[in-house]
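These are my notes from an afternoon with the model. I went from the cavities to the cores, then to one helix and two loop residues.

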Amino acid sequence: MQLTLTDIFEARRAIAGRVVRTPLLPSRFMTEQTGQPFFLKMETMQPTGAFKLRGATNAARNAPEGTTTLTCCSTGNHGRGVAYAARELGLKAIICMSSLVPQTKLDGIRAIGAETRIVGNSQDDALAECRKLGQATGVFEISPFDDPYVIAGQGTIGLEILEDVPNLDTLLVPLSGGGLAAGVALAAKSINPQVRVVGLTMDRGAAMKTSIDAGRPVEVPEVASLADSLGGGIGLDNRLSFAMCRDLLDEIILVTEGEIYRAMQALYYEDSHVAEGACVVGIAAILAGKLTAPEGPVATIITGRNVDMVQFTKVMTGQDVMLGDYLLEGKRYGA
């Protein structure tokens, strides 16, 4: 299926009134860092606390007739979006996740009324369970990234950003399985082909970057990260998001856990936002000097607020953080 800008406009009509048209807020601190107007797209203001509600809602509203149950595999936020969309439509939801998903995200999904299944130690393990469930009558699987309705739903973020800043120069998009990056890049470049769209992710377990470098989807070990929402593979049978990210992203930049740590602190202390590590990869790249200087306005997407507050507090107070068996040494902000 070849997605077009028309699909994204149709998604906007489908989700209108069910998701929030989030504000695009200026960041004084990041404007000073880049020398250009810098904006934060606040997807933290969605009812579920993350952008994933857009794609999940669009896909749920396009589920086949006779669907009684929605299922998905998730690192947390997609599951929350699917659970919310299912509840709004009067459907059951079963969310499959790995043991790496933080407890706070499990609790959030269960609070919406969905059933959760914890399977294995990777997104691939959770996906296998989800695929089994999807074979049952009345059960509809919604991919977190490799689904045309999900990609189109996420692409509505790109429409809103370009409407608010038509002269945008650079758009920084957190990159995992590619649903967000593919949809936003398609929207942005369809409206203005000159916009530079950069995908950003952590350097440990960068599945999309590794796959694009290899020329095909490949398996990448999944490890614990401050940017846990960006974990997981892209699927060896990837149909859409791999090719779209390969063709539409101008660049992919990797950032370290230490750089994510410092960017989380900067977003909190300079702009007063509580957000997940996955949100700050664009900010991390700029503060680390990894992004070529922009020539005009810049925007990034603050994708979600469903953060483990115990871990968040450690980062904000400069404490060490254990990520699986990896010790990330802390440092107080500004020290």
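I began with the lining of the second largest cavity, sorted by class: five residues are nonpolar, three polar and two charged. The model is a predicted one. I listed the residues that line this cavity as M202, R204, G205, A207, V220, P221, E222, V223, G231 and G232. The space in the second largest cavity comes to about 50 Å³.

I then asked how many cavities of 30 Å³ or more the structure holds. The count is four. The largest cavity has about 280 Å³ of space. Its lining is made of 27 residues, and F51, K52, S176, G177 and S229 are the closest to the centre. By class I noted 16 polar, nine nonpolar and two charged residues in the lining of the largest cavity. Helices α4 (77-89) and α8 each give at least two residues to that lining. The largest share is from α8, with three residues.

Next I looked up the largest nonpolar core. It has 41 residues, and those that touch the most other members are I161, L168, L171, V173, V197 and L249. I wrote down the elements that supply two or more residues to this core: α1 (5-15), α7 (148-164), β7 (170-174), α8 (179-191), α9 (207-214), α10 (241-248) and β10 (298-302). Which element gives the largest share of this core? It is α8, with eight residues. So α8 supplies the largest share of this core and also the largest share of the lining of the largest cavity. In soluble globular proteins, nonpolar side chains tend to be buried together.

I picked V173 for a closer look at contacts. With neighbours within four places in sequence left aside, V173 is in contact with L180, A181, V184, V197, V198, G199, L200 and I301. A second core, separate from the one above, has 39 residues, M30, L230, A266 and L323 among them.

I turned to helix α6, residues 123-133. I found its buried residues to be Q123, A126, L127, E129, C130 and L133. Why do they line one face of the helix? Seen down the axis of α6, the buried residues fall within an arc of 165°, so one face holds them. For packing partners of these buried residues, I recorded β3 (69-73), β4 (92-97), β5 (115-118) and β6 (139-141).

Two loop residues were left. E295 sits in the loop between α12 (281-287) and β10. I asked whether E295 is buried or exposed. It counts as exposed because its relative accessibility is 72%, and the cut-off for exposed is over 50%. Leaving aside neighbours within four places in sequence, I found E295 in contact with Q36 and D169. I also checked E295 against G134: the two are 161 residues apart in sequence, and their C-alpha atoms are 47 Å apart in space.

S272 is in the loop between α11 (257-271) and α12. Its relative accessible area is 59%, so S272 is exposed. I noted its phi as near 65°, a positive value in a residue other than glycine. Most residues other than glycine have a negative phi.

Methods: Residues numbered from 1 in each chain as written. Predicted model: local features only at pLDDT ≥ 70, side-chain atom pairs only at ≥ 80, totals over all residues. Heavy atoms only, no water. Core = buried A, V, L, I, M, F, W, Y, C linked by side-chain atoms within 4.5 Å. Buried < 20%, exposed > 50% of the residue type's maximum accessible area, 1.4 Å probe, protein only. Helix = DSSP H or I, 4+ residues; strand = E, 2+ residues; numbered from the N terminus. Contact = heavy atoms within 4.5 Å. 1 Å grid on protein atoms, 1.4 Å probe; cavity = no way out; pocket = protein on both sides within 12 Å on 5 of 7 lines; lining within 4 Å. Points joined across faces, edges and corners; volume = space filled by probe spheres on them. Nonpolar A, V, L, I, M, F, W, Y, C, P; charged D, E, K, R; others polar. Arc of directions from axis to C-beta.
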